[in-house]
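Me: Hi! Could you walk me through this one? I'd like to start with the surface and then see what else is there.

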Amino acid sequence: MELVAAKTSILVLDDDPSLRRMLKVLLEQDGYEVIVAGDVQSALAQCRVEIPGLMIVDLMLPVEDGEMFIREFRRHWRQRQVPVILLSASSARNEIGQRLGVEATLAKPFFAEDLRDLVERVTSRGPSIAAG
């Protein structure tokens with residue numbers, strides 16, 4: 001009997017319900033447990049229940065943005081080093097990602113395979129990268 005290690009849980013924070021659904025289905029197909037949130041407060045509430053192993057965060061959200069979420073998460077859970085993939089259509093995503101110390105950035109729109117590759121590399125503790 002072969003033992004299979006459990007895959008990382010992933011929090012997806014994005015205000016677009018269609019994208020959240022697509023990411024949930026895509027990542028669950030790869031064996032990840034996926035938690036979705038449409039705003040910063042919902043994402044923080046989810047983190048109070050379970051700290052994810054990886055966070056995929058949209059930079060541009062209404063009301064409170066992804067940068068604010070990352071700062072709030074790190075303020076509340078300083079001891080936890082949770083990797084982040086930052087999603088954004090903004091041309092400043094790499095600069096913002098570097099300032100925040102995220103593991104990777106990905107330009108919107110993106111190809112599903114690019115996201116899958118990033119998730120695999122980040123959860124395997126690969127080097128920090130930017131895509132797109």
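Me: So how much area does the protein chain expose, and what share comes from carbon and sulfur atoms?
Reply: This is a predicted model, and its protein chain exposes about 7200 Å². Carbon and sulfur atoms supply 51% of that.

Me: And what percentage of the residues is buried?
Reply: Buried residues account for 43% of the 132 in the chain.

Me: Switching topic: how are the helices and strands ordered along the sequence?
Reply: The chain has 5 helices and 6 strands, and they follow the pattern β-α-β-α-β-α-β-α-β-α-β.

Me: Nice. Let's look at α1. Which of its residues are buried?
Reply: Helix α1 covers residues 17-29, and its buried residues are L19, R20, L23, L26 and L27. Seen down the helix axis, these fall within an arc of 135°, so they line one face of α1.

Me: Why would residues spaced like that point the same way?
Reply: An α-helix has 3.6 residues a turn, so residues three or four places apart point the same way.

Me: What's on the other side of α1?
Reply: R21 and Q29 are there, and both are exposed.

Me: And what does the buried face pack against?
Reply: The buried residues of α1 pack against four strands, β1 (9-13), β2 (33-37), β3 (54-58) and β4 (84-88), plus helix α5 (112-123).

Me: Last one: what caps the N-terminal end of α1?
Reply: That's D16, with a side-chain oxygen 2.9 Å from the backbone nitrogen of S18. Just after the helix, G31 takes a positive phi of about 95°.

Notes:
Residues numbered from 1 in each chain as written. Predicted model: local features only at pLDDT ≥ 70, side-chain atom pairs only at ≥ 80, totals over all residues. Heavy atoms only, no water. Helix = DSSP H or I, 4+ residues; strand = E, 2+ residues; numbered from the N terminus. Buried < 20%, exposed > 50% of the residue type's maximum accessible area, 1.4 Å probe, protein only. Areas by Shrake-Rupley, 256 points an atom, 1.4 Å probe, with all protein chains shown as cover. Expected span 1.5 Å × (residues − 1). Arc of directions from axis to C-beta. Contact = heavy atoms within 4.5 Å. Polar contact = N/O pair within 3.5 Å; in protein donor to acceptor, adjacent residues only side chain to side chain.
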